[in-house]
Amino acid sequence: MSEKKELPVYSVRLREARETYGISQRNLGIKAGLDDFVASTRVNRYETGVHQPDLQTLQRIADVLDLPVAYFFAEDDELAEMIRNFRRSKQGKS
């Protein structure tokens with residue numbers, strides 16, 4: 001029997017953020033500047049923990065999802081929500 005591997009925190013946060021935003025893996029990848037032909041596969045591999053995006057790619061993904069990069073590495077759910085809310089409150093003051 002195979003053991004189920006725990007996903008990296010960035011993978012879990014990425015999937016949650018993408019689904020909350022309501023965008024497909026393919027469209028997220030394309031908007032983040034990934035090649036059309038590999039966009040879906042690459043985002044899927046990030047979400048399943050097969051690969052970790054480099055910082056520049058993660059920054060572009062974060063920009064599309066309107067989140068700071070720190071959100072993707074917050075191990076605590078409450079902290080992740082605080083980061084998300086802080087970003088939104090800062091935007092409201094602009």
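Where does glutamine 52 lie? Select this residue to begin, and keep in mind throughout the tour that the structure on the screen is a predicted model. Glutamine 52 is found in the loop between H3 and H4, and, leaving aside residues up to four places away in sequence, it touches Tyr10, Tyr46 and Phe73. If you add asparagine 27 to the selection, you can follow the separation of the two residues, which are 25 residues apart in sequence and 18 Å apart in space when taken from C-alpha to C-alpha.

From the loop, move on to threonine 57, a residue of helix H4, which covers residues 55-65. With a relative accessibility of 3%, threonine 57 counts as buried, because the cut-off for buried is under 20% relative accessible area. Show its surroundings next: apart from residues up to four places away in sequence, threonine 57 touches Leu34, Arg42 and Tyr46.

Now display H1 together with H4. Two packed helices are described by the angle between their axes and the distance between the axes. For H1 and H4 the angle is about 30°, and the axes are 10 Å apart. The two helices are therefore roughly parallel to each other, since angles under 35 degrees are counted in that way, and the crossing of H1 and H4 is left-handed. To see the contact itself, select Leu14, Ala17, Arg18 and Tyr21 in H1, which meet Ile61, Val64 and Leu65 in H4. The residues of this contact of H1 with H4 divide into six nonpolar, no polar and one charged.

Stay in helix H1 and select arginine 18, which has its place there. Is arginine 18 buried or exposed? At 9% relative accessibility, arginine 18 counts as buried. Not counting residues up to four places away in sequence, its contacts are Ile23, Ser24, Gln25, Leu28, Val43, Glu47 and Leu65. Arginine 18 also forms a salt bridge with glutamate 19, in which the closest N and O atoms are 4.0 Å apart.

Widen the selection to Arg15, Arg18, Glu19 and Glu47, which are linked in a network of salt bridges. Within this group, the side chains of arginine 15 and glutamate 47 meet in a salt bridge with an N to O distance of 3.4 Å. This pair links distant parts of the chain, with arginine 15 in helix H1 and glutamate 47 in helix H3, residues 39-47, the two being 32 residues apart. Arginine 15 is partly exposed, having a relative accessible area of 30%, whereas glutamate 47, at 0% relative accessibility, counts as buried.

How many salt bridges does the structure hold? The structure holds seven, and another one to display is that of arginine 13 with aspartate 77, where the closest N and O atoms are 2.9 Å apart. Arginine 13 lies in helix H1, residues 9-21, and aspartate 77 in helix H5, residues 77-92, so this pair ties together parts that are 64 residues apart in sequence. Colour the two residues by accessibility as a last step: arginine 13 counts as buried at 3% relative accessibility, while aspartate 77 counts as exposed at 54% relative accessibility, because exposed requires over 50%.

Technical notes:
Residues are numbered from 1 along each chain as its sequence is written. This is a predicted model: local features need pLDDT of at least 70, side-chain atom pairs count only at pLDDT 80 or more; totals for chains, interfaces and linings use all residues. Side-chain values use heavy atoms; hydrogens and water are left out. Helices (H or I, at least four residues) and strands (E, at least two) are DSSP runs, numbered from the N terminus. Buried means under 20% relative accessible area, exposed over 50%, partly exposed in between (1.4 Å probe, protein chains only). Contact means heavy atoms within 4.5 Å. Axes are lines fitted to C-alpha atoms, for helices over the stretch in contact, and angles run from 0 to 180 degrees between N-to-C directions. Angles under 35 degrees count as roughly parallel, over 145 as roughly antiparallel, 65 to 115 as roughly perpendicular and the rest as oblique. A crossing is left-handed if the near helix is turned anticlockwise from the far one by less than a right angle, and right-handed if clockwise. Ala, Val, Leu, Ile, Met, Phe, Trp, Tyr, Cys and Pro count as nonpolar, Asp, Glu, Lys and Arg as charged, and the others, Gly among them, as polar.
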